[in-house]
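Take a look at the model below and keep it open while you read. We'll start from one side chain and work outwards from there.

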Amino acid sequence: MELDRYEFEVLLSQLNEGTQTQREIAESAGISLGSVNKALKSCKANGFIDDAGAVTNAGREALSPYKVDSAIILAAGSATRMAPLSFEKPKALFEVQGEILIERLIRQIQDAGISDISVVTGHMKESFFYLGEKFGVRIIPSSCYANRNNHSSLLLARDYLKNSYICASDQYLVESPFKAYEYEAYFPVMKSPDDVRVRAVTWDKQGIIQGMERKAGWFPRGPVFFDQESSEKIIDIIDEEYDFHETKRKLWDTMFLEHASEFTVRAKQYHPGEIYEFDKLPDLLAFDRDFLVNVDSAILDNICKTLSCERTDITQVTPLKTGLTNLSVLFSCKGERYVYRHPGTGTDEIINRQAETFALNAAKRLGLDETFLYENPEEGWKISHYLEGCQEFDYRNLEQVRQALQLIRRLHDSDEVSPWSFDFYEATLDILDLLDDLSYPLPSDFAKLKKSAGEVARAMKADQGKPCLCHNDFYGPNLLVHGDDMWVIDWEYAAMGDWACDLGNFVAQGSGYSVEEATSMLKLYFDRQPTTQEVRHCIAAVGLVGFYWYVWAMYKEAMGNPVGEWLYTWYKAANSFLAEAKTLYEV
């Protein structure tokens with residue numbers, strides 16, 4: 001038999017609190033005395049409550065369809081807006097006001113009598129493994145968190161999604177909203193500040209969610225409760241739309257709101273001060289003013305030691321757009337602006353940080369990079385000065401191209417000798433070994449391209465000349481244009497090598513130059529017309545460097561950190577310039 005709301009509230013109140021007076025039931029259930037009296041009569045008539053007011057076995061059976069089966073905690077996100085602290089640990093593991101966020105959440109759920117808890121992890125997933133032992137929760141690792149939003153996490157937990165709470169792992173619930181029984185599905189909302197446009201949730205006169213609009217209003221905030229029917233429906237929707245291109249970046253609750261008319265889910269209102277969500281560091285510091293002082297953070301210690309400052313001196317922390325290799329954050333300290341660079345996932349296998357540190361110091365001596373301040377050669381983190389007002393390097397600006405090529409020529413002509421060397425073709429073979437270990441599926445035309453790269457590499461060896469210190473990642477984004485000044489930054493791959501490979505990088509990495517344009521550009525490097533041998537050597541270098549970065553990009557894909565359109569850019573450079581080099585070398 002299906003219970004009405006008042007019967008449900010009366011039964012649940014008696015089950016939780018034992019026999020109570022009608023007034024006590026009304027107060028605990030939040031309903032009128034008249035409604036309590038009517039519901040009590042109905043429950044007694046149906047045998048759900050005995051004459052003493054205790055819940056019978058029949059009453060427990062009537063409540064059973066409303067019992068909460070499980071809770072799903074979504075904890076896969078990388079929380080880049082919480083950088084640099086999220087470089088060290090997931091936001092859900094931050095200690096806030098003396099409690100770890102996700103541990104507090106788990107305890108609140110378990111205190112409600114819910115034991116089936118699944119935690120879907122992604123970013124730094126190994127950091128969550130201890131929760132299985134400590135709390136007996138189920139850990140579900142996600143492999144696609146970097147490419148998709150949290151709808152994919154919910155899909156991974158589909159087998160445990162029934163009468164279930166769906167929770168964000170990084171929210172602080174002042175009072176626990178969790179219960180052993182829920183009467184109906186609900187979606188939590190909180191009022192936005194006046195006139196602030198949000199993803200506003202709309203509902204009808206009965207409180208049933210209808211959809212969303214971009215306006216000031218009530219926005220999603222807090223744990224969702226879905227009954228079995230709603231759970232099955234949202235999984236069906238995600239399944240059906242999973243392969244749509246636009247689905248990749250969608251939150252699961254956005255997908256629900258887009259289909260809200262297909263559900264019967266009620267709005268549950270919360271007010272400011274009941275639930276906190278920390279999207280950015282200032283939000284967290286406003287809630288826990290001592291957080292920055294107390295947090296266990298080697299990154300903050302690194303900054304303080306390097307800049308001789310206190311943690312309280314670190315302000316205006318803003319994540320920068322993540323690069324292809326690393327993660328960076330902009331911050332202020334004592335009136336100056338700095339960039340903290342944190343090594344990205346998987347870079348330890350392919351980047352020699354000691355070689356980078358040597359090159360950075362050499363670049364500063366040569367006046368090539370005035371932004372560099374300090375790098376730790378063992379751990380790979382770096383602090384640099386931040387230059388306001390830099391402009392993007394323009395490959396079509398002849399004067400900028402000339403200035404850039406003269407800077408790299410200064411490096412090649414210097415007497416700096418690094419203890420380390422870098423060979424693009426040998427480095428490519430090393431990455432291919434890593435891809436082989438990962439059983440990464442190579443494209444059908446790869447064997448042909450690899451064969452061409454090997455032939456060109458052998459031909460280049462014959463006219464390589466004396467090795468010199470090279471940047472090895474010399475291209476537009478690594479050139480800071482600041483007024484009349486220009487600096488070469490990001491020296492991760494710098495080592496002794498073939499000078500032409502810097503010119504190869506310059507062309508292969510997004511210049512858009514044809515073979516003819518690349519050839520014409522060489523006179524700006526030499527300050528004269530290049531010889532036939534120099535031209536073919538440089539054209540070969542473009543192809544070989546393009547091949548290296550193409551393989552590197554596939555490795556990043558295999559590590560769950562795709563590089564987007566760069567993959568095709570490098571493929572095209574490798575394909576066209578290797579073919580031209582084979583002609584010039586008569587391979």
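Find Phe393 and look past its neighbours within four places in sequence: what remains in contact with Phe393 is Gln400, Val401, Ala404, Gly476, Leu479, Val481, Met486 and Phe506. Contact here means heavy atoms within 4.5 Å. Phe393 also belongs to the largest nonpolar core, which has 86 residues, and along with Leu405, Trp491, Phe506 and Tyr548 it touches the most other members. A nonpolar core is a set of buried Ala, Val, Leu, Ile, Met, Phe, Trp, Tyr and Cys residues joined through side-chain atoms within 4.5 Å. Buried means under 20% relative accessible area, exposed means over 50%, and partly exposed is anything in between (1.4 Å probe, protein chains only). Helix H19 (residues 532–558) supplies the largest share of this core, 17 residues.

A quick word on ground rules. This is a predicted model, with residues numbered from 1 along each chain as its sequence is written. Local features need pLDDT of at least 70 and side-chain atom pairs count only at pLDDT 80 or more, while totals for chains, interfaces and linings use all residues; side-chain values use heavy atoms, with hydrogens and water left out. Helices (H or I, at least four residues) and strands (E, at least two) are DSSP runs, numbered from the N terminus.

Two of the contacts of Phe393, Val481 and Met486, take us to a hairpin. Val481 has Met486 in S22 as its bridge partner. Strand S21 (residues 479–482) and strand S22 (residues 485–488) pair in the antiparallel sense over 4 bridges; two strands pair if DSSP finds at least two bridges between them. There are 2 residues between S21 and S22, and Gly483 in the turn has a positive phi of about 65 degrees.

A second hairpin is made by strand S18 (residues 372–375) and strand S19 (residues 382–385), which run antiparallel and are joined by 3 bridges. Here Tyr374 stands opposite Ile383 in S19. The link between S18 and S19 has 6 residues, and Gly380 in that turn has a positive phi of about 90 degrees.

Phe506, another contact of Phe393, leads to helix H17 (residues 500–508). How many of the residues of H17 are buried? The count is 9 of 9, so the helix is mostly covered. Among the buried residues are Asp502 and Asn505, as well as Leu503 and Phe506. Just after H17, Gly510 takes a positive phi of about 90 degrees.

Now back to H19, which packs with two helices. Two packed helices are described by the angle between their axes and the distance between the axes. Axes are lines fitted to C-alpha atoms, for helices over the stretch in contact, and angles run from 0 to 180 degrees between N-to-C directions. Under 35 degrees counts as roughly parallel, over 145 as roughly antiparallel, 65 to 115 as roughly perpendicular and the rest as oblique.

With helix H15 (residues 424–437), the axis of H19 comes within 9 Å and crosses at roughly 20 degrees; H15 and H19 are therefore roughly parallel. Residues in H15 that include Phe424, Tyr425 and Ile431 meet a set in H19 that includes Tyr548, Trp549 and Trp552. With helix H20 (residues 566–585), the angle is about 150 degrees and the axes are 7 Å apart, so H19 and H20 are roughly antiparallel.

The loops flanking these helices hold a couple of unusual backbones. Ser439 has a positive phi of about 55 degrees although it is not a glycine, and it lies in the loop between H15 and helix H16 (446–461). Ser439 is exposed, with a relative accessible area of 62%. Asp527 also has a positive phi, about 60 degrees, without being a glycine. Its place is the loop between helix H18 (515–526) and H19, where Asp527 is exposed at a relative accessible area of 55%.

Elsewhere, a cis peptide bond joins Ala83 and Pro84, with omega about 5 degrees. Pro84 sits in the loop between strand S1 (70–75) and strand S2 (95–96).

Finally, zoom out. The protein has 20 helices and 23 strands, and 53% of its 587 residues count as buried. Its C-alpha atoms fill a box of roughly 105 × 55 × 45 Å, taken along the principal axes.
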